[in-house]
Amino acid sequence: MSTIAAFYGGKSILITGATGFLGKVLMEKLFRTSPDLKVIYVLVRPKAGQTLQQRVFQILDSKLFEKVKEVCPNVHEKIRAIYADLNQNDFAISKEDMQELLSCTNIIFHCAATVCFGNPQRNIPIHAVQLNVTATQQLLLMASQMPKLEAFIHISTAYSNCNLKHIDEVIYPCPVEPKKIIDSLEWLDDAIIDEITPKLIRDWPNIYTYTKALGEMVVQQESRNLNIAIIRPSIVGATWQEPFPGWVDNINGPNGIIIATGKGFLRAIKATPMAVADVIPVDTVVNLMLAVGWYTAVHRPKSTLVYHITSGNINPCNWHKMGVQVLATFEKIPFERPFRRPNANFTTNSFTSQYWNAVSHRAPAIIYDCYLRLTGRKPRMTKLMNRLLRTVSMLEYFINRSWEWSTYNTEMLMSELSPEDQRVFNFDVRQLNWLEYIENYVLGVKKYLLKEDMAGIPEAKQRLKRLRNIHYLFNTALFLIAWRLLIARSQMARNVWFFIVSFCYKFLSYFRASSTLKV
């Protein structure tokens, strides 16, 4: 028996951000390994005309939960959707629901966050501060009123202190107290916030990492006598092993880049090829979360422990290696209806990057929009391309740098697990085969995110072949036109051209004469 799986049996678990990527995989693993848990509370809002229960049932009816239904047939009865809005005071939870949460909750997994990168020169969105900082503060206040609470697990990010080169498993202080920022945003107008934001953010690259650092400070300041742990994952990617390889359901981070590259929209990117692509599979993160929940509740550490779950220090994969494997996978399993042939050029030079953006991104988009106008359709490609390039520019900070994260606490926890727990809740990324993982990742994006039929692969390959031929013909025609214009204007170019033609004629004559002599 797994000690960790047995620990969660009979427990009432509260999960924030349960409708997000990480939250879904967390629920799936809990139900599959501990089907005798009592209940999972999920804080959700109605969305797109769906009730709370409809949103939850839609998640449970997805492919991700297929294996869960085999071991936990009554899974719908073990999940309790509670209306909550994390952007409001007290989360707008009803008195009855609040009373149930306070009196019954044993474990809290705080996964909710807004991944809002934004522009560091624009004001900090109140929404980001509210969800990443204030909501954490309010949830800790709730937790302090829960008599049965055994552990509070806060999910941060490995990039919360990305302004440092080497990052230890400690909580770093921010230049400004979180409470001062929370209070000031309540009365400052947008113009003043615009002016002071660059000074607040300082050397953090964006709003997301800055507010996550503030959130960690809040955890430290508001912890009271709670058993708390903080988990810092790096770039969370598709599943590695569980419940099956390659599952993904959002376009954040590498997922959007894979789609844009596979569809032929993104063909060049400003990145350092040898920089570490610190991607970590989502199921590995979830396994660590559950192990940390068990350890925090049972061993009750004297201080708040921070756990890094990253790949770069122990099993690194750089962006060049990842890009090569992604392109190789596109040859075997191409995406349907690509705009252009998939390609990926890395450059570290700003001028070269601007050149590629103009020639390989914006120019084809403008040409295609002209075609759409001529055929009576609404142009859309230029707008889509500009949005894509803005998104990629926000990621440049992370794909041009490498960090060093210490993992002492994570390694300590691994040594505390029994062999069975190490198998069931495996978070040892040293075992990860990157080539196999990346191929499954691309396949997962195609199947689960783009929802493309695998039966269409032969047709997609034919389309790629046609695009390749069009590419060669276009480049040949462009070269001939440019050369013809050059010949018309330059005597030197004409002399070179006549020399090449004469040389080719003499070579062919010699080859023909040699063939005649042999016969």
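Which residues in α12 meet which residues in α17? The legends below take up this contact and its surroundings in a predicted model.

**View 1. The whole protein, for orientation.** The predicted model contains 19 helices and 13 strands, and its C-alpha trace spans about 100 × 60 × 50 Å along the principal axes. Of the 519 residues in the protein, 51% are buried. Among contacts with a separation of 6 or more, 84% are made by residues 24 or more positions apart.

**View 2. The contact of helix α12 with helix α17.** From α12, K321, M322, Q325, V326, T329, F330 and K332 take part, and they meet W434, L435, I438, E439 and V442 of α17. Sorted by class, this contact comprises seven nonpolar, two polar and three charged residues. An α-helix has 3.6 residues a turn, so residues three or four places apart point the same way.

**View 3. The geometry of the same helix pair, α12 and α17.** Helix α12 covers residues 319-332 and helix α17 covers residues 434-449, and the two pack at an angle of about 50° with their axes 9 Å apart. Angles that are neither under 35 degrees, nor over 145, nor from 65 to 115 count as oblique, and α12 and α17 are therefore oblique to each other. Their crossing is right-handed.

**View 4. Helix α10 and what covers it.** Helix α10, formed by residues 254-262, is mostly covered, with seven of its nine residues buried; these are P254, N255, I258, I259, A260, T261 and G262. The cover over the buried residues includes the strands β8 (235-237) and β10 (279-281) together with the helices α12, α14 (381-399) and α17, so that the helix pair of the preceding views, α12 and α17, appears here again as part of that cover. After α10 comes G264, whose phi is positive, near 85°.

**View 5. The surroundings of N287 in helix α11.** N287 is found in α11, which runs over residues 282-299, and at 2% relative accessibility N287 counts as buried. Leaving aside residues up to four places away in sequence, N287 touches K29, E242, V424, F425, N426 and F427. N287 and D428 lie 141 residues apart in sequence, yet their C-alpha atoms are 9.7 Å apart in space.

**View 6. The annotated span of residues 361-452.** An unreviewed UniProt entry carries the annotation "domain: Fatty acyl-CoA reductase C-terminal" for residues 361-452. In the model this span is 70% helix and 2% strand, and its end C-alpha atoms lie 25 Å apart.

Conventions: Residues numbered from 1 in each chain as written. Predicted model: local features only at pLDDT ≥ 70, side-chain atom pairs only at ≥ 80, totals over all residues. Heavy atoms only, no water. Axes fitted to C-alpha atoms, helices over the stretch in contact; angles between N-to-C directions. Helix = DSSP H or I, 4+ residues; strand = E, 2+ residues; numbered from the N terminus. Left-handed = near helix turned anticlockwise from the far one by under 90°. Contact = heavy atoms within 4.5 Å. Nonpolar A, V, L, I, M, F, W, Y, C, P; charged D, E, K, R; others polar. Buried < 20%, exposed > 50% of the residue type's maximum accessible area, 1.4 Å probe, protein only. UniProt positions renumbered as here; feature names shortened; annotations may be inferred.
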